[in-house]
Structures are given as structure tokens and as C-alpha cells.
Amino acid sequence: MDKRCGMAVRRLMMSLVEEGLARRHMRGVYLIERAMEEVLIALRRWI
């Protein structure tokens, strides 16, 4: 995977963690804890 792409995905997932929509399970693994619709709305807002 391109490093820039990986960093962009990591940044977005960490934003979800900060919002309380996901949690970090282990390195590179994130678990979405809320309704997927809420997560998609947040991602659309950031992208």
C-alpha cells in the first residue's frame, strides 16, 4: 500500500476514535462501535 494512502486512512480512523465512533483494537485494526450510518456521515464531513 502506498504510504501516503496508509497515513490518510490512519488519520481518518484516528479521527473516528477521537469522536467516539470507533476504537483501536490493535495496531492497524479499528473496530467501529456505532451505527455505520453515523460513521459514514462523519467520513463524508471530513472528506
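User: How many helices and strands are there in the protein?

Analyst: This is a predicted model. The protein has 2 helices and 2 strands. Their order along the sequence is α-β-β-α.

User: Why is Ile32 called partly exposed?

Analyst: Its relative accessible area is 37%. Buried needs under 20%, and exposed needs over 50%. The value for Ile32 lies in between, so Ile32 is partly exposed. Ile32 sits in strand 2, residues 29-32.

User: What makes Ile32 eligible for a nonpolar surface patch?

Analyst: A patch residue needs over 30% relative accessible area. Ile32 has 37%, so Ile32 passes that cut-off. The patch joins Ile32 with Met36 and Leu40. Together they have about 230 Å² of accessible area.

User: Which residues make up the largest nonpolar core?

Analyst: There are 7 residues: Met13, Leu16, Leu21, Ala22, Tyr30, Val39 and Ala42. Helix 1 (3-19) and helix 2 (36-46) each give two or more residues to this core.

User: How do you know that Tyr30 is buried?

Analyst: Tyr30 belongs to the largest nonpolar core. A nonpolar core is a set of buried residues, so Tyr30 is buried. Buried means under 20% relative accessible area.

User: What does Ala22 touch, not counting residues up to four places away in sequence?

Analyst: Ala22 touches Leu16, Val17, Leu31, Ile32 and Glu33. Leu16 is also in the largest nonpolar core with Ala22.

User: What share of the protein is buried?

Analyst: Buried residues are 15% of the 47 residues. The accessible surface is about 3,900 Å², with 56% belonging to carbon and sulfur atoms.

Key. Residues numbered from 1 in each chain as written. Predicted model: local features only at pLDDT ≥ 70, side-chain atom pairs only at ≥ 80, totals over all residues. Heavy atoms only, no water. Core = buried A, V, L, I, M, F, W, Y, C linked by side-chain atoms within 4.5 Å. Buried < 20%, exposed > 50% of the residue type's maximum accessible area, 1.4 Å probe, protein only. Helix = DSSP H or I, 4+ residues; strand = E, 2+ residues; numbered from the N terminus. Contact = heavy atoms within 4.5 Å. Patch = residues over 30% accessible without salt bridge, like charges linked within 9 Å, V, L, I, M, F, W, Y side chains within 5 Å. Areas by Shrake-Rupley, 256 points an atom, 1.4 Å probe, with all protein chains shown as cover. Salt bridge = Lys/Arg side-chain N within 4 Å of Asp/Glu carboxyl O.
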